[in-house]
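Reader: I have not looked at this structure before. Could we go through some of the words used to describe it, and the grounds for each?

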Amino acid sequence: MSIRAPRKGENYELSVDLNSEYRDKRKDAIKRVIASMTVGKDVSGLFPDVLKNMQTDDLEQKKLVYLYLMNYAKTQPELVILAVNTFVKDSEDPNPLVRALAIRTMGCLRAEKIIDYLCDPLQRALKDDNPYVRKTAALCVAKLYDLKPELVIENGFLDQLRDMISDSNPMVVANTVAALTDIHISATSNQPADSTSDPAVFFITSAILNKLLIALNECSEWGRVAILNALARYDAQDDKESEHICERVVPQFQHVNGSVVLAAMKVIMIHIRNVRRDDLVKQLIRKMAPPLVTLLSSPPEVQWVALRNINLLLQKRSDLLTNEMRVFFCKYNDPLYVKIEKLDIMVRLASDSNVDALLSELKEYSSEVDVDFVRKSIKAIGQTAISIESAAERCVNVLLELINTRVSYVVQEAVVVMKDIFRKYPSTYEGVIPTLCANLEELDEPEAKASLIWIIGEYADKIDNADELLGIFVDSFIEESYQVQLQTLTAVVKLFLKKPDSSQGVVQRVLNTATKDCDSPDVRDRAYIYWRLLSTDPGAAKAVVLAHRPPISIPRTTVSPALLEELLGEISSLASVYHKPAQTFVGHGRVGADSVQRKGSEISDAQKALQTVVAGQQAENLLDFGDDSAQDGQPSGLAATQILPSTPAAANFLSGTSANPLDDLVSIFGGMETMGLGAGSPSAALSPTMTSLSSPFEGFGVSPALPSQPAQNAQPQEDLLGLF
């Protein structure tokens, strides 16, 4: 007879204790099971033993068992069915806490086999005398809808939820609104929001609106957020109703919870659009400032979220925090991400009345030890100069003081900023140029070098030794970055057009180097274009290279107007923090932010694609400056696309029924030659003026090598397919 060895191990000991005859020992064992489960140990094998301890009068023990069941219900669905009788019995317990606990746990189990048994207890709970049980049951309906929508509709749970909006308890109302909103989002995720066919769609009527406004001041902070989000979805019937909503929501600005404050801001920003009274609008804007300022006394993470939302609000209402500049001054212990957001907001708030205080503060920041923060501060000085013309001279003086510190990264950022100031105010601060040129040796970053080269080229006629300064960069042309090479090339051509007698040698050297020794196609192409311009018509070259450029400006918004309105409706969510719509970072069908930026455009994407094809066919070779045109009398741009739908491929492409859009585009591309829209082969366009390229440079003894010509018999279809 063989003797079986005793089972050993922690789970065996727990199993023994769970079946102990002593209540305290069983409870202690359950606690140890939950502790093991919490740290990630697998205790699913104890499921039957834990289940035996479910029927108890000890509320704490019952909660622990329910917690265990919720964790392992998915892995042991066939055993969960054994707990149904206890759940049903607990849903009728005299203690409302036990009733609510049973309903909440059954909703969280997410096991298919237990769903059918949930309906009767849930019906009773929705009509329970105790509001705690009712508010728990309301959220359970939303969980059940997520698992089995048809079951919720068949049992009339949605109608019961809508009736519960009239409940006397504000917390029940808040949870009911939260549940209906979740069900609404699930129901409308795959169909239009205004669909009336689905009973799950939650429409807020005027009657519901009044009930929500009554419950708003009485419920908890999470309930207030749910109700405020529902109010943000409501479409007011007229301006009086919008005014009424704004007046009832304004008291929420005083709430201690930042989420409630931002949700109230969202409701006000949405409904203020319909308010006609200017005095009320100004009053509402004035009341929004203090709570936003209060949010800045929160921990850094909450501060940053508040600052991102404030940035968005200021893009819509620039007068929101006009007199609150000082609260955005950076503190010594602020994290970098908070400081950068504060800098952006300070520049937005800058005006003639506070610019002196702002410049003084930014100058202090420029002596900090954090290099990134110093660079952002100097850039903010430049943005202030560009946005406030009367303060530009003071900004330039501050920048000169910073340049005189001779700190490398400070000098380089200041040079970049000065370039932008010259673009905004041309020929205004030319006295600064000698100071900038004196710091040439300090520059080692590509952007700073490119900025100084641009300044030298732009003001070459006023700098006596411009050829010597540019000669330094021409000598090291091959070693420089592409950004510096491109800027050097343009600056030398500008110098030649302004001082042709003294700069022939420099322009010859840079064009030779750029066309023969440079490995960047962008630099080579630009050099060829300049060479052809200079060789055929210096007057045309001067008109192109020295053309008048409009002064730059800082855009008031960082997103398109349509997108800004959408983001204002998403305040207090991640969308308003990222400044991107939710569909760009949530869900499986994510779209790019750039496609959202194009929202509201009048021309469809397909129409734009056809325009691109037409423009590509009609474009002349960049090196051809001949007088003859290959497309006289032919339509261009949008007009040309009106001809294209006559082809089957284009018709399919525009209607969106194309099986293979690429093949259709190829067909359109190739068929345009027969429609008279083509511009001829590139080589044909290049040949008329090739022989005259080097005539102005005969004295230099150079003959530039042009790119090899494409084969004359190459088909457009082959060229396009070759890209793929």
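Author: The turns below take up a helix pair, a pocket and a cavity in what is a predicted model.

Reader: Why is α23 called oblique to α25?

Author: The axes of α23, residues 408–424, and α25, residues 446–458, cross at roughly 40° and come within 8 Å. Angles under 35 degrees count as roughly parallel and 65 to 115 as roughly perpendicular. The crossing angle of roughly 40° falls in neither range, so α23 is oblique to α25. The crossing of α23 with α25 is left-handed.

Reader: How do you know which residues of α23 and α25 meet?

Author: Contact means heavy atoms within 4.5 Å. On the α23 side the residues are Gln412, Val415, Val416, Lys419, Phe422 and Arg423, and on the α25 side they are Glu447, Ala448, Ser451, Leu452, Trp454 and Ile455. By class, this contact has seven nonpolar, two polar and three charged residues.

Reader: What makes a residue part of the lining of the largest pocket?

Author: A lining residue has an atom within 4 Å of a point of the pocket. For the largest pocket, with a volume of about 1400 Å³, 38 residues line the space, and the closest to its centre are Ile185, Asn229, Arg233, Gly569 and Glu570. Two or more lining residues come from each of α12 (170–188), α14 (221–233), α16 (258–271), α31 (561–568) and α32 (574–578).

Reader: Which helix gives the largest share of that pocket lining, and how does the lining divide by class?

Author: The largest share is that of α12, with eight residues. The pocket lining has 19 nonpolar, 10 polar and nine charged residues.

Reader: Why is the other space called a cavity and not a pocket?

Author: In a cavity a 1.4 Å probe fits but cannot get out, whereas a pocket is an open set, so the word depends on whether the probe is shut in. The structure holds one cavity of 30 Å³ or more. The volume of the largest cavity is about 40 Å³, which is over that cut-off of 30 Å³.

Reader: What lines the largest cavity?

Author: Its lining is made of Met106, Gly107, Arg110, Ala111, Ile114, Ile115, Leu118, Leu144 and Leu147. At least two of the lining residues come from each of α7 (96–109), α8 (112–126) and α9 (131–147), and α8 gives the most, with three.

Reader: How many residues of the cavity lining count as polar?

Author: One is polar, one is charged and seven are nonpolar. Gly counts as polar and Arg as charged, so Gly107 is the polar residue and Arg110 the charged one.

Key: Residues numbered from 1 in each chain as written. Predicted model: local features only at pLDDT ≥ 70, side-chain atom pairs only at ≥ 80, totals over all residues. Heavy atoms only, no water. Axes fitted to C-alpha atoms, helices over the stretch in contact; angles between N-to-C directions. Helix = DSSP H or I, 4+ residues; strand = E, 2+ residues; numbered from the N terminus. Parallel < 35°, antiparallel > 145°, perpendicular 65-115°, else oblique. Left-handed = near helix turned anticlockwise from the far one by under 90°. 1 Å grid on protein atoms, 1.4 Å probe; cavity = no way out; pocket = protein on both sides within 12 Å on 5 of 7 lines; lining within 4 Å. Points joined across faces, edges and corners; volume = space filled by probe spheres on them.
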